Amino acid sequence: MALDPITAGIDLATSVISRIWPNADDQVKAKAALAELAATGELKRMALSAGLAQGQIAVNRVAAGSKFWWVAGARPAVLWVCAAAFAWSYVVAPMLAFVLAAVGHSTPLPALDLSAMMPALLGLLGLGGMRTVEKLKNAQGNH
């Protein structure tokens, strides 16, 4: 049994390949693709990336569990700012522009550049599934 995660992963993938593809030719092709990934170092990069993601999740969990609202509230604050910007851009501003045009005041409304907020919002939403599981298990923290 391999001690390092890369070799263990390759061993596991090889055994899975044997079960998924009963055809010997397909097995050879899949194992060759796996060997190519291992040879180019792509598997090592993937393992490092997964390790970094796990570390970030651990840091996020500690920050969210803080007793200080300044620390625990940072993530929700960013989410609320992004939600307000989306609400303005896609709900409030179009409706307000319609109402203003209907009453004869064609006042230009400010447009928000959401491209700077999208990475933050998508990062927060990517971790939103963990919060849903937490709510379903009724294991909510200081929210």
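The paragraphs below go from the whole chain to one helix and the residues packed against it.

This is a predicted model, and its protein chain averages a pLDDT of 75, with 76% of the residues scoring at least 70. Confidence varies along the chain: among its elements, helix α7, covering residues 128-136, has the lowest mean pLDDT, 57, whereas helix α5, covering residues 74-102, has the highest, 88.

The chain contains seven helices and zero strands, so that reading along the sequence gives the pattern α-α-α-α-α-α-α. Of its 143 residues, 13% count as buried, and the accessible surface comes to about 10900 Å², of which 70% belongs to carbon and sulfur atoms. Among contacts with a separation of 6 or more, 47% are accounted for by residues 24 or more positions apart.

Helix α5 has 29 residues and spans 40 Å from its first C-alpha to its last, which is close to the 42 Å expected at 1.5 Å a residue, although the helix also bends by about 45° at Trp 88. Just after α5, Gly 104 takes a positive phi of about 95°.

Which residues of α5 are buried? They are Cys 82, Ala 85, Ser 89, Ala 93 and Leu 100. Cys 82 and Ala 85 also belong to the largest nonpolar core, a set of five residues that further includes Leu 114, Met 117 and Leu 121. Within this group, Met 117 touches Cys 82 and Ala 85, and it also touches Val 81, when residues up to four places away in sequence are not counted. In soluble globular proteins, nonpolar side chains tend to be buried together.

Key: Residues are numbered from 1 along each chain as its sequence is written. This is a predicted model: local features need pLDDT of at least 70, side-chain atom pairs count only at pLDDT 80 or more; totals for chains, interfaces and linings use all residues. Side-chain values use heavy atoms; hydrogens and water are left out. Helices (H or I, at least four residues) and strands (E, at least two) are DSSP runs, numbered from the N terminus. Buried means under 20% relative accessible area, exposed over 50%, partly exposed in between (1.4 Å probe, protein chains only). Contact means heavy atoms within 4.5 Å. Accessible areas come from the Shrake-Rupley method with a 1.4 Å probe; for residues, only the protein chains shown count as cover. pLDDT is the predictor's confidence in each residue, from 0 to 100. A nonpolar core is a set of buried Ala, Val, Leu, Ile, Met, Phe, Trp, Tyr and Cys residues joined through side-chain atoms within 4.5 Å. The expected span of a helix is 1.5 Å times one less than its number of residues. The bend at a residue is the angle between axes fitted to the seven residues ending there and the seven starting there.
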